[in-house]
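Dear colleague,

Here is the structure I said I would pass on. My notes on it follow below.

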Amino acid sequence: MMGLFNQAAQKVYKPRAAVDDDKVPDDTEPDDTSILDENEGSIIASLISQLRVGMDLHKVTFPTFVLEPRSMLERITDFMSHPDLLFGQVSSPAENCDDPEERFIRVLQYYLAGWHIKPKGVKKPYNPVLGEFFRCRYDYPDGTRGFYIAEQVSHHPPVSAFYYVSPANKVCVVGELRPKSKFLGNSVSTTMEGENRVYLLGRPEDKEYVISMPNMYARGILWGKMFLELGDSCMAKNEQTGHYADIQFKTKGYFSGTYNAIQGRIRRGNTETGEISGKWSAVMEYKNSKGEKRVLFDATKDGQNIAPKLWSRLTKAIIAKDMDAATEAKTAVEETQREQRRHMEERGEVHVPRFFQERGGRWEPKLQLPSDPREAIQAVERFIWPTLPPSYGPSSTSSP
């Protein structure tokens, strides 16, 4: 097997010329692909020589040029990029829909609209260090606000907990992400364990909408072009209304299929009520049981991003394409984290997350949200920013 890796490295990681083999795979989006230069190829070849098929990649140190210049805690905000699909800046709020199926579709629409946002090529966000947190505020065009906080609550295994709420718009999202990466030969898979729980606060009778996540695949790391695919299935359900959706993110086959395809079926109980089709990177459509179609989301028309202090040196170096400085900055953060964990172990201490607590296997914010929207906004602000900075001014009309 290692002989195969070495042969592949010799074959792929040589100086590249402008030949037909270097063209983007048919039917991919241009931003989904990466072509390594000679130096980058040599580093990847060296890294691959240490790997085994099926190996867990959490403890593998990746070269900085494969990093996306932001933390996973910030990456999760992609799913908060189109709140108008839920609270109605372009249509009526989902909570005002009397039809429970329509509310379910609106939640699905909001969730699926976040997948097209990603860096150019095949990049992975920084692995958050234990206790790291990311927070931000969204100022919406109508003067309302949304608030987001995410924290790395566990390091082994890695768990990121997150909480988004817009009290004025009566929308809340809580969840956790447990990514697990494996080396598969010519690709790397990331299993996205965890779930998103969406709450329409104006419809308390609905309780929670629970949605799982598809898996990610970085293809072509030994030969061919590197490109990113979403694959496998995710599930969405609301047990109170009885609605379920099984959504397939389809990977392209060797001889057929297309890139970035999505297909799903929606049912209420045992009765199929509609289907979803299209591309998560372009246009997704919904067709109900009567055959009526409508566009759920058009990423080519409606498609959009924030960054913290901890990784600022690394981020600046990556953007400047200074890989030596990037490697130095990344190592400094990781070594500081290891030293902090070692001191905690010596003192017999256990890390206690600052913003989240675990209940029944789920991570939830240490916050009881008041029912009054004004009081809820104040409570959230005090929770996320115990001491508000001078720059935290009154709500503006700027978009997120």
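Leaving aside residues up to four places away in sequence, Glu229 touches Asn215, Met216, Tyr217, Arg219, Lys250, Thr251, Lys252 and Tyr259. Glu229 sits in strand β11, which covers residues 226–238. The relative accessible area of Glu229 is 2%, so this residue counts as buried. Please keep in mind that this is a predicted model.

On the chain as a whole: there are 9 helices and 18 strands. The chain has 400 residues, and 50% of them are buried. The exposed area is about 19600 Å², of which carbon and sulfur atoms supply 50%.

The largest nonpolar core holds 51 residues. Within this core, Trp115, Tyr148, Tyr164 and Phe249 touch the most other members. Helix α5 (residues 100–112) contributes the largest share of the core, with 7 residues. Another core lies apart from that one and has 18 residues, including Val153, Phe355, Phe356 and Ala379.

Tyr164 has a long list of contacts once residues up to four places away in sequence are left out. The partners are Met80, Pro83, Phe87, Tyr110, Tyr138, Tyr140, Gly146, Phe147, Tyr148, Val171, Cys172 and Val173.

Tyr148 also turns up in a strand pairing, as the bridge partner in β5 of Cys136. The strands concerned are β4 (residues 133–139) and β5 (residues 145–154), which run antiparallel and are joined by 7 bridges. Together β4 and β5 make a hairpin with 5 residues between them. In the turn, Gly143 has a positive phi of about 95°.

Now to confidence. The average pLDDT of the chain is 76, and 67% of the residues score at least 70. Strand β9 (residues 208–211) has the highest confidence, at 96, while helix α1 (residues 2–12) has the lowest, at a mean of 38. Two stretches should be listed separately. Over residues 33–43 the pLDDT stays under 50, and the model gives this stretch 26 contacts beyond four places in sequence. Residues 395–400 also have a pLDDT below 50, with 16 contacts in the model beyond near neighbours in sequence.

Regards

Methods
Residues are numbered from 1 along each chain as its sequence is written. This is a predicted model: local features need pLDDT of at least 70, side-chain atom pairs count only at pLDDT 80 or more; totals for chains, interfaces and linings use all residues. Side-chain values use heavy atoms; hydrogens and water are left out. A nonpolar core is a set of buried Ala, Val, Leu, Ile, Met, Phe, Trp, Tyr and Cys residues joined through side-chain atoms within 4.5 Å. Buried means under 20% relative accessible area, exposed over 50%, partly exposed in between (1.4 Å probe, protein chains only). Helices (H or I, at least four residues) and strands (E, at least two) are DSSP runs, numbered from the N terminus. Contact means heavy atoms within 4.5 Å. Accessible areas come from the Shrake-Rupley method with a 1.4 Å probe; for residues, only the protein chains shown count as cover. pLDDT is the predictor's confidence in each residue, from 0 to 100. Two strands pair if DSSP finds at least two bridges between them.
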